[in-house]
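Here's a quick briefing to read with the model open next to you. We'll start with a bit of vocabulary and then look at the surface and the backbone.

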Amino acid sequence: GENTAEQEEFFEGIKLTYEAVIAFIKRLAAEAEATEGSEMMAKALYNISDNPPDSFYEACLAAYIYFMVSEHVDGLQARSLSNFDRVYYPYWVRDMERGVSEDELKRQLAYYLMQFAAIDNYWGQPVYLGGTKEDGTSEINPLSYIFLDVYDRMGIYNPKIQLKISDKSTPKEFILKARYDKAR
């Protein structure tokens with residue numbers, strides 16, 4: 001169908017916003033390119049300015065930029081950093097298949113988490129793990145456990161972890177791992 005003039009203006013505003021965000025990402029990429037030691041970030045920023053993320057690092061970087069633009073430019077509170085294990089696991093697997101070491105991926109995860117720990121949002125930025133798939137099976141996967149390990153090793157409290165559990169499908173060992181407190 002046809003859009004009204006008001007609808008066309010709205011969509012033009014959205015287009016301008018997206019173009020501005022893309023230009024911002026490209027400016028960040030140019031700055032990273034000019035900064036020694038930031039080659040990986042520059043390459044990732046250039047890629048996500050024109051393409052969907054292709055790696056775990058790029059997916060985390062895109063999410064962080066979205067968060068920063070939403071929170072600090074648009075003034076919208078980004079309440080959750082997503083169902084992390086479900087959303088990021090395909091990138092994790094793809095990188096492992098490409099030969100990226102698990103240690104390197106854990107380092108990238110720690111770097112991502114540290115960005116939110118450093119912000120120290122007073123409300124504690126939420127991120128959640130788990131849930132169930134349409135068929136009732138658990139969303140818990142190897143990244144769910146790795147996330148808890150990295151988070152625990154870092155000793156941080158932000159982002160705050162929320163779990164979506166099911167009495168029927170969430171592995172008990174995952175729940176116990178999440179409840180474990182080294183201070184006890």
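Helices here are DSSP runs of at least four residues, numbered from the N terminus. Glu8 is found in one of them, helix H1. Keep in mind that this is a predicted model.

**Surface patches**

- Glu8 helps make a negative surface patch, together with Glu2, Glu12 and Glu19.
- Is Glu8 buried or exposed? Glu8 sits in between: it's partly exposed, with a relative accessible area of 43%. Patch residues need over 30% relative accessible area, so Glu8 clears that cut-off.
- There's a nonpolar patch on the surface too, of about 520 Å², and its members are Phe10, Phe11, Ile14, Tyr18 and Ile22.
- Ile22 belongs to helix H1, which covers residues 5-33.
- With a relative accessible area of 34%, Ile22 is partly exposed. That value is over the 30% needed, so Ile22 can count towards a patch.

**Backbone oddities**

- First, some background: most residues other than glycine have a negative phi, and most peptide bonds are trans.
- Which residues does a cis peptide bond join? The pair is Asn158 and Pro159, and omega there is about 10 degrees.
- To find Pro159, look in the loop that runs between helix H6 (142-154) and strand S2 (160-164).
- Ser82 isn't a glycine, yet its phi is positive, near 95 degrees.
- Ser82 is in a loop as well, the one between helix H3 (56-73) and helix H4 (84-97).

Note on methods:
Residues are numbered from 1 along each chain as its sequence is written. This is a predicted model: local features need pLDDT of at least 70, side-chain atom pairs count only at pLDDT 80 or more; totals for chains, interfaces and linings use all residues. Side-chain values use heavy atoms; hydrogens and water are left out. Helices (H or I, at least four residues) and strands (E, at least two) are DSSP runs, numbered from the N terminus. Patches are made of residues with over 30% relative accessible area and no salt bridge: like charges are joined within 9 Å, nonpolar side chains (Val, Leu, Ile, Met, Phe, Trp, Tyr) within 5 Å. Accessible areas come from the Shrake-Rupley method with a 1.4 Å probe; for residues, only the protein chains shown count as cover. A salt bridge is a side-chain nitrogen of Lys or Arg within 4 Å of a carboxyl oxygen of Asp or Glu. Buried means under 20% relative accessible area, exposed over 50%, partly exposed in between (1.4 Å probe, protein chains only). Lys and Arg count as positive and Asp and Glu as negative; His and the chain ends are not counted. The place of a charge is taken as NZ of Lys, CZ of Arg, CG of Asp or CD of Glu.
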